[in-house]
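Thanks for making the time this morning. I would like to walk you through one model, and I will put the sequence and the structure up before I say anything about them.

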Amino acid sequence: MAWTLATGNALAIATVRSRLSFHLRRSFSSIATNAASSQMAKVGVVQMTSTNDLEANFQTCSRLVKEAAAEGVKLLCFPESFSFIGARMGESIEIAEPLDGPIMQRYCSLAREANIWLSLGGFQEKGPDDVHICNTHVLLDNYGKIRNSYRKIHLFDVDVPGNMVYKESSFTTPGDAVVAEDSPIGRLGLTVCYDLRFPELYQMLRFHYQAQVLLVPSAFTKVTGEAHWEILLRARAIETQCYVIAAAQAGKHNEKRESYGDSIIIDPWGTVIARLPDRLCTGFAVAEIDLSKIDSVRTKMPISMHRVLDSCSKSSSL
């Protein structure tokens, strides 16, 4: 009888242990699944052709926001000058408003109603005087609050071969601050268009501001876009090991201005993971941001540990 009881007790204990092990494995599996899903977030990149019609541009943005929200997108990124592109000199200055003005407040309401984060770059923010604006990238959260704003540092003063002369500094005051902000899809680095040609800004965002996702809302010209758009974006992704989301203006805005288009999302290895099927159409493309992929790339290629020049003092002249 003693042997039978001992055997029975042993079997009971074994059964309890087996069940406990099963429940623990299931719990740990659930935890792992939840942790993995928390590393993933769906983002969208917009392509559009803005004009000097504020209401028409808003209606386009509103439609795209609602469609993206219905698809589960957590952050939707719009291109530079999403709300307005002037058809004549001085028109952008005439419509410019502060960030708490009625134009931006409509977009804040849009974000709140759709329960979605919006990257809006760049907005014609009223400048320090009556003849200047700021080209401002505005980040809204899903409550419709402005989480941060970045004023474009590098202004486009260029004589584009075979195109036209641009002199952004004639009516725009440059920013002087690097901006990064936490979000549900990771830490975002905010830039605008021509900034793309200055890799030191993106290096700062990665190595000094811990950015994981770089936002590059743009209105590249047709000539410069054909030559450099994708290669510059992929280079910024590769050298910073960040995702890059590049929303682009596309097509003819008026008789004098045309944009290249080709909105794309690039992963930290430099691979294009989303783009619209037509370089000039209006719409958005969707991809998943996987923060674990950033960690994987940075672990396998630990450039942050190998950087030398950033910590070196400048050598003296010979």
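I will go through a strand pairing, the aromatic contacts, the largest pocket and, at the end, some backbone details.

Please keep in mind throughout that this is a predicted model. Let me begin with strand S16, residues 283–290, where six of the eight residues are buried, so the strand is largely enclosed by the rest of the structure. Its antiparallel partner is strand S1, residues 40–48, and eight bridges join the two; if you want a point of reference in that pairing, look for Val45, which stands opposite Ala285 of S16.

Turning to the aromatic residues, a search of the whole structure finds eight aromatic pairs. One of them is formed by Tyr194 and Phe198, in an edge-to-face arrangement with 5.3 Å from centre to centre and 85° between the planes. Are these two rings' residues buried or exposed? Tyr194 has a relative accessibility of 16% and therefore counts as buried, the cut-off being under 20%, while Phe198, at 22%, counts as partly exposed.

Elsewhere, Phe58, Phe78, Phe82, Tyr107 and Phe123 come together in one aromatic cluster. Phe58 also has a charged neighbour, since Arg106 lies over the face of its ring, 3.8 Å from the ring centre, and a further arginine, Arg307, lies over the face of Phe207, also at 3.8 Å from the ring centre.

Now to the largest pocket, whose volume is about 830 Å³. Its lining is made up of 39 residues, and those that lie nearest the centre are Met89, Ser92, Tyr166, Phe171 and Arg257. Among the elements that each supply at least two lining residues are helix H3 (91–95), strand S3 (117–126) and strand S4 (133–140). By character, the lining divides into 16 nonpolar, 13 polar and 10 charged residues.

Strand S3 brings me to the backbone, because I would like to point out Gly122, which lies in that strand: the peptide bond leading to Gly122 from Gly121 is cis, with omega near -10°.

Finally, there are two glutamines to look at. Gln210, in the loop between helix H5 (199–207) and strand S10 (213–215), has a positive phi, near 55°, without being a glycine, and with a relative accessible area of 49% Gln210 is partly exposed. Gln241, found in the loop between helix H6 (222–240) and strand S11 (243–246), likewise has phi near 55°, but at 2% relative accessibility Gln241 counts as buried.

Notes. Residues numbered from 1 in each chain as written. Predicted model: local features only at pLDDT ≥ 70, side-chain atom pairs only at ≥ 80, totals over all residues. Heavy atoms only, no water. Buried < 20%, exposed > 50% of the residue type's maximum accessible area, 1.4 Å probe, protein only. Helix = DSSP H or I, 4+ residues; strand = E, 2+ residues; numbered from the N terminus. Pairing = 2+ DSSP bridges. Phe/Tyr/Trp six-rings, centres within 6.5 Å; stacked < 30°, edge-to-face > 60°. Lys NZ or Arg CZ within 6 Å of the ring centre and 35° of its normal. 1 Å grid on protein atoms, 1.4 Å probe; cavity = no way out; pocket = protein on both sides within 12 Å on 5 of 7 lines; lining within 4 Å. Points joined across faces, edges and corners; volume = space filled by probe spheres on them. Nonpolar A, V, L, I, M, F, W, Y, C, P; charged D, E, K, R; others polar.
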